[in-house]
Structure formats: C-alpha cells, structure tokens
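Colleague: Could you take a close look at a single strand, with its burial, its faces and its partners? Some context from elsewhere in the chain would help too.

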Amino acid sequence: MESPANKKEQVQPTPEDPEKKKKKEEKAREKQLKKEKFLLKQAQQQAQQSSNASKKSEKKVVKRGGEDENPEDYVDPETPLGDKKRMARQMAKQYSPTAVEKSWYEWWEKSSFFVADANSSKPPFVIVLPPPNVTGALHIGHALTAAIEDTMIRWRRMSGYNALWVPGMDHAGIATQVVVEKKIMRERKLTRHDLGREKFVSEVWEWKDKYGGTILQQLRRLGASLDWSRECFTMDERRSKAVTEAFVRLYKQGLIYRDLRLVNWDCVLRTAISDIEVDYIDIKERSLLKVPGYDKPVEFGVLTKFAYPLEGNLGEIVVATTRIETMLGDTAIAVHPNDNRYSHFHGKHAIHPFNGRKLPIICDAILVDPKFGTGAVKITPAHDPNDFEVGKRHSLEFINVFTDDGKINSDGGSDFVGMPRFKAREAVTEALQKKGLYRGSENNEMRLGVCSRSNDVVEPMIKPQWYVNCNDLANQALQAAVDEENKRLEIVPKQYLADWKRWLENIRDWCISRQLWWGHQIPAWYVTLEDDVRREFGAYNDHWVVARTEEEAQKEASQRYNGKKFHLSQDPDVLDTWFSSGLFPLSVLGWPDDTQDLKTFYPTSVLETGHDILFFWVARMVMLGLKLGGDVPFGKIYLHPMIRDAHGRKMSKSLGNVIDPIEVINGVSLEGLHKRLEAGNLDPKELATAIEGQKKDFPNGIDECGADALRFALVSYTAQSDKINLDIQRVVGYRQWCNKLWNAVRFAMSKLGDDYIPPANLTPDVLPFSCQWILSVLNKTISKTVKALESFEFSQATTAVYSWWQYQLCDVFIEVIKPYFTGNDPKFASERRFAQDTLWFCLDNGLRLLHPFMPFVTEELWQRLPSPRECKRVESIMICDYPSAIEGWNNDRVENEMDIIESTVKSLRSLAKERRDRRPAFGLCRTEVVREIINSHQLEIVTLANLSSLTVITESDAVPSGYADTVVNESLSVYLELQGTNSAELEMGRIKKIDELKKQIERLEKIMNAPGYEEKVLPNIRAKNEEKLDSLKERLLLEETAGLNL
C-alpha cells in the first residue's frame, strides 16, 4: 500500500496531441478489421474442412454401407437347364466371362432360335458347316471357322433372312480307323484283322456313339448358333443313301471307271491316301529318320549309283537312284535321244543282276535330263509317277515288288522276299557290292512324302482303283467362276481365283477307292463266272456291276450273263472321305429325295473354309453340285487365313505352341498346359522342347478370356492376308474390353434410374450437340459395319464397331454428358432427359450391332436395358432387327465441330502430361468460325480436358504468361497454366515437334522436286501434295513463333 507522501510525488501526464490521437485510432481500427477478416477467413476454411470431412465421412458411410449390401444381389441365381437365364438383381461390379456366358446358349437352343423354317417367305441365307472329323476336338482353326460363320449367320438372321446353318460331322475314314485300331491294340492287344471286318466296324460305331461328336458340344461353348435339328453325319442312313446314289449315277453316265494306276500307298494303314494326307519333309543331305515298324532309323537324302551289265558283254550302264530297293522292279533304262554318250546303246538291253530280266534301253526326251546324275535313268513303272508315264509311252512291263504292308513280294526275287522295304534297301546295296556293281553314293537334296496319319513313308504303288473322270466336271466348275457373262461363283479373296484356275485346268482324274473298313463300301460287285479261267478277285475289268443294292446287282448280272452261273462279291474297298463330304451341301438338305429343304435352301449362300482345301473339298463340291444338283452348291466362297502362333510358326504339338480354344475360353495354368502335352504321344526330346516353348510363350499360363473375346479376336485377325499370327495377349485385351462395355452399361443403368422408360424414337434436331454427334457417328458406324459384312471384310467390321464403342461412346459421349447428371442442376433438366434417351438408344443399337461378334455379353447387357412402353420387346437380342442407318441422321457439321473439340482436348491433355489436377486454360482463336465453335462448346472441352476454366481469346488479346502452349491447327492454339511443369521439358518437346515438321517438309519437297514428277504424277495427287506442303509450312511457322510470348 502506497503512502500519501508518494502519491503527492507522482507527476501528472501531459495532454495528448489530438492529431496523433486520431491517427492511432485509425490504425487500431484497421488492425481490428484485418483481425476480423482473418477470423472470418479462418471460420470459412474450418467450415469448408468440416464440409469436406462430412463428404468424406458420407463416402465412407456409403462404402461401409457396401459392406452391409447383400452379396447375393450380385450373384446370378441358378437357372434350370434350358430356362431363360435368371440374372442377379444388381449388375456385378466387374465382368466375368464364366458368369456371363452361362445358361444363355441352352435357352437359345431350347427356344428354337437357331431353327430355320423351310416354308418361310423370308429370303434364305444358308451356310453348311465344314464337317469336322468325328475323332476331333475343337482346335483353333475350327474356332476361326465357327466365329466367322456365326457372325454371318447371326447378322443375316437379325437382318430378316431365313438363316440356316447346318451342322454335321465327317466319318473321317482313315483318322477314325487309326484311333479305334490303336484303342483295341492298347486294350486287348488285337489288330482289326484279328477281329474281322464286321466286328471291327461294329467297334467303330460303338466308339463313335460314345466319344465322337465332342467337337459339336465344344461348338456350343463358342456360341455357334447351328440348327441342331438338322444335325447329320456322313455315314448316317440318309447321307449313305446319297453317296450310293451319286456313285451309281456318275457310273451310269460314264464318269466313274476302274483302272490300274499309281497311288500314294501307306504300308502301315495298307490303303491308298489322298494328296492332302501327305506331308513333305525337305531333306538337304544324308539324314537318319524314324519310320514306323523299324527299330533303327532309316537313311534318306542319298543318291546311290550302280551299274547294269549290258547284254552280250558290251560293257555297263550306270544309273542313280534315291530308292535302290525299287530296282527289283526295274523294266527299262532311259537315256536322252540326243545324249552322244549313250547313242551306241540305243535299242540294246541291260541284264538285271538278280533275276536275269532283260531291260530295254529306251530314248525318252520328256523324262531324262542328260545333266542330272549319270544321264541314264532306271525305270520302275509300278513304283514311280514319272516312270509310270514312261511305261505307258513305251508299253513297258509294270512289276509291283511290294506287298500291301511294304515287304518284298515274290516278284522282287527269292533273295529278298519277305524283307521290309527299307531293310531290303540295305540288302540290295550289299548284294550289288558283292557283285561289283556298286558305284558309290552322294548327298542328295530331296522331298520325302510322309502320311500325316501314320507317319509312314508314302510308297507309290500300282493298284486297281475306282476313278472319277474330272475333265468335263472341272471345266464346268472353272467356267462357273470365270465366265463373266454367266458368273455363278465368286471367290473371296480374289487372289485365290488364280489357284482355282490352275488346279482345274491341270486336273487329274480323282482316285476314290480306299482300302479301309470304316467308310462307305463301294456299291460295286465283281461277277465271277463259273467258266472264268482266272478266278482271282477283279481279274476281269469288265466283270463289274454297279448298283444301289445287292438285289439290284443280282438282277443286272442275271440280265447281262443270261443263263450263266455266277457268284457276286462286293468290292471290299470304301470310298474316299472327300467323296461323301463333296456331296455335303446336297446330302444335308435331303438329296437325292426332292425335299422341301432342298427346294428352299439349295443352292446354299456361302461356303466358308480355309484356303488349304480349296481343291480337295471346295472344287469337288462344285463339280458334284453342278452335275448332281443342277447348280453350283453355293454362290460365294470365302477362304479364311491359316492360323500360326504369335511368332508366325505353324502350330505343332512338338513345338508346344498348339492353342486349344477351350483353354483360352476357360483359362489354364502353365502346369495345365504341360499336362496336356504329357498326355500326348511326343517322344522325350520333343516333349522337353515343347515344354520349354510353353514356358517362353505362356509363362503364367493363359488367362480366362471367355468365348466372346476369343471370337472377336479371331474375326478381327482376318485382315492378315493368308496367315494369322495369333497373339493370346490380343484376346486378353478384348476380354478387358468386355469389362469396358459392362461398365458403360452399369453407368447407364445408374443414370437412367429404375423408373426410366425409353422413347419409341428420337428426333436428333432437338437434341443437345453431343447427342446429335454420337447419333451421327453411330449412323455412319452402322453403314460401315453392314458394308464390311456384305463384302466379307470382317476385320473392317470389327474395327468399326470397336472404334465406336471405345473411342466415341465410352471415351467421349459418356464423359461429356456427366455434367448433366451432377447435382441435379435444374438448368440441365432438358439436357439430362435428352442424354438419357440418347444413351439408351446408343446402348440398344450398339449392343445389337455388336451381337453377331459377341453373342453372350451383348445378350446379357441387352436384357438389362429397359424397353419402350409403346412396343412389345422380342425375347432375345439374337432375334432383334440388326441396326440400319437412318437417312438424315448424318450430321457433318456437328462431326466437324467435334473433331475440333477432340483435337483441342488432345492438345490440352498433352500439355497436362499425366497430371490430373484441374487448371485454367486459354484458347487463342485466329478465325471467327473457330472462335464461335470453341465458345459454344466450352462445357465439352472443360469436361473432357479436366479444366477449371477455359477463356477464349483472339490475336488482338494479350497472350497469358506462365502458360505452356501448343498449336492445335493453323486456326487455334491452346495455353495451359504451368503450375510447376518443367518449362525446359516443354521446350524440348517443342524442338522435337519442329524437327519432325522440318523432316516431313524435306521428304515431301524431295518427292515434288524429283525428276519427272510433273509428268509421272497425276494432277490430283500433285494438288494434294502442294496442299499438304502449305499446311506443314504453316504449322512450322506457328510452332516456331508459339513460344515467343512466354
């Protein structure tokens, strides 16, 4: 407590200056205002943070709410077999091929959507499936065939045609017999000869009923919409009747005859085989190869020389051969008439060293090349195609020295009889050495024919066989394709017309006999008369009777040999499988009966197959169709490419690069791929190579892709000339694209809402800009797709459909309409409704457009779309109308404006690099037209380029600083706020762009300044080049000046 004395001592304050006081009070008020502003700002930030936190919390609640969702809402309930698929209440969040492709096919089939009506008034469209072998499992070639043909059939069915796709199976004579022979040997250690013919054929039928037809089930997995009610088999009762009828008619018309000729003989299968069943191995030099039935490898690629002693001790003549064992059947030696070395031998004879047979020395300028080998050629007419012709020209003796199983017969000499042919090869060489007639050997490049079924070395053998005389038949087939005034057959691609002409102009008669037990037994009976001197089967070529049944044959023989006693024996041989499959377009429709199917559906519309069987199957169908059906069997032939692996190699089990379509559809692990190889019959070395190949190509196995993705990939590959290099990663890419489609429809469903009812039709003129644009490009896509399908340009069709879905609907339209649905802004009410209607219309048309290529996912997504109230919806997308272009919907003005918008967005995205933050941008417009376009479409540009704002400026306005810029075109540049973007990096980009423009200008100027340019180049091309050069120079000027204002 202060004392009173102290109080008295305190000095009183001096009064404050009024001016200073006033200033101080103003400062205090300013300070208070700043404080209040700061507090207000802080309060606003806290409120914003609170709001953001609330929104995040709401999002978390939504996400947490997801945990409370019923997972069963996203899972498809079980569907009873054949019922319409029961789909989950909610669309799954991701596309799953397994879930989507389940149940639809069984419902389609049970609903008879695939069945064609022979009494329909619709125009017919018919394809006959190339009948797969009954032994077969689906391989990638079958999958390509099915994908292309089903695309055509589904498209035509949706386009108002009475579409028929006929399924069938081929009995595959050799292949099936081999499979069953191996089976009974493995299980019972018996050969077919142990069982006898009747029992063996019964075993094959049993096997066919149990295991055959696997491939037809696999075709269902691919979604192939075949008319299963018309399924047939080349050896069923109706097809067998057709085969017999065809043989009898052609024989009666003098087109089938029996003759003794050379054939490709398989000593393991003991049958003649067709050229297509012969594979060729190119041998460069002396090589050891494995041959079935031999313990040791056999030597090939060797030219052996030996001498024939001349009659009368006149010396010797040296010949050379790659098949020395055939010298046992030599009946002559040929020299060139102008070869002076041998002129003194003309008309002389050589003596066969093992049997004493006299061999005439003949002159033949057609066969002999004096420069090859010794200039003297041994002639074995019964075992070499060229020698066979020489034998006919010079009336030589034809001596067959082999048994049917490839051993030396009695005509080959007692020293060698019973020896397998390649052991005889060694024995003959030794015997010649002992006689002093061996003259050495040398490497010889050669092609070795090997049977594709048994791997046996093909032996040319002389055999009595049935042949079809093809001269007139081939000429008719040729004229059908080349006669411009009456063209009935078109081949696509056109390049194969040259092959068609070459084969048919040089055709040889067709050997249709096969020495098998499984197949159509030839309807010909040999008549053995009681007084015949030669009693062996087939001894007299004029003793054959051809008839439909044994009773008919008996009747004809009785008339021919009136009063004579005779015995009938049916030819044990069967017909070439290609004979029955050559009748397929006729026989599947009921020929020879005059059925309603035949009247309605023959000729068929298109034959689609691989180009490798253009002659073996396609040409024969045309020949038989014209002769027996009175018309070409189809109006168009579409030949698809052959499938190779991603490296362009032929698919081979020994390389491990064979792709099983079912494994692509379902997915398979690397271990699963290995197991498939191990279950095969590869030797250990080949197996190791194949496993390494799989590890390299499929290190993680093959992802599940689904049938839709596989089909789309295969069809899209058809542009690759005559070969397809199939990369599985491309199929995986299309499977991911299916997910894009799935999400597009999920987005649409969320924006349409549960109560949405689409309109019956749309009027583009009243729609917002983006809606007009998507309908215009959709309209053009429909036209492109239909035109491509009509001209068999399947790859162009897939490109058109894919591009519209991916780059126009998903990447642009769905993004650009999102602002209409944000926050239910009332100013967008009409745009929102228009966008909903347009989105529904696009999805409905887009799914129908895509359906022929991808049937499963399009059916599932289409079934989820709401339907218009005014019209009754059909049950399935597959029986909907295919979209057709609407006249007046194309809008070039709108499309041109959208092109400018997209170019602008692309440039802005390029400036933004990978950054996704929203930034302001400027558009510098150099023309009034472009300024109006950019101004009127700011919303679209801001949305697509993810901008915070877009300001339109002209050349009279100040260019913003601190912005990256680029030239969109000569009329437009864009600027994007830098915000830490590396300006040095941008400058490097600009320099790179300038360099590229300079190079383009230099290249074009070089072309335009080349000598003779004015004379050689067409005026319209020169004008285009000048226009392009001006444009490039203008772009260069803009780029060089674009950065000056930065």
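**Strand β22 and some other elements**

Modeller: A524, in strand β22, stands opposite V546 in β23. This comes from a predicted model, and every position below should be read that way. The pairing to which A524 and V546 belong is antiparallel and joins β22 to β23 (residues 544-546) over 3 bridges. β22 also pairs with β24 (residues 566-570), again in the antiparallel sense, through 5 bridges. Within that second pairing, Y526 has S569 of β24 as its bridge partner. Strands of a sheet pair through backbone hydrogen bonds, either parallel or antiparallel.

As for burial, β22 spans residues 524-529 and is mostly covered, with 6 of its 6 residues buried. In a regular strand the side chains alternate between the two faces of the sheet. In β22, A524, Y526 and T528 point one way, while W525, V527 and L529 point the other way. The residues of both groups are buried.

For context, a helix can be covered as well. Helix α28 (residues 855-864) has 10 of its 10 residues buried, so the rest of the structure largely encloses it. The buried residues of α28 include the charged E859, E860 and R864, along with F856, L861 and W862.

A sheet with free edges is found elsewhere. Its 4 strands run in the order β13-β14-β12-β15, forming an open sheet with mixed pairing. The edge positions belong to β13 (349-351) and β15 (376-379); each has a single partner strand, so one side of each lacks a neighbour in the sheet. From one strand to the next, the twist averages 30°. The partner of β13 is β14 (residues 358-363), with 3 bridges in the antiparallel sense. One of the bridge pairs is H349 with P360 in β14.

Helix packing can be followed in α6 (residues 173-188) and α8 (residues 197-211), whose axes come within 10 Å and cross at roughly 100°. The two helices are therefore roughly perpendicular to each other. On the α6 side, the contact residues include V179, V180, E181, K183 and I184. The α8 side contributes F200, E203, V204, W207 and Y211. By class, this contact has 7 nonpolar, 2 polar and 4 charged residues.

To return to the strand in question, β22 has antiparallel pairings with β23 and with β24, and its 6 residues are buried.

Key:
Residues are numbered from 1 along each chain as its sequence is written. This is a predicted model: local features need pLDDT of at least 70, side-chain atom pairs count only at pLDDT 80 or more; totals for chains, interfaces and linings use all residues. Side-chain values use heavy atoms; hydrogens and water are left out. Buried means under 20% relative accessible area, exposed over 50%, partly exposed in between (1.4 Å probe, protein chains only). Two strands pair if DSSP finds at least two bridges between them. Axes are lines fitted to C-alpha atoms, for helices over the stretch in contact, and angles run from 0 to 180 degrees between N-to-C directions. Angles under 35 degrees count as roughly parallel, over 145 as roughly antiparallel, 65 to 115 as roughly perpendicular and the rest as oblique. Contact means heavy atoms within 4.5 Å.
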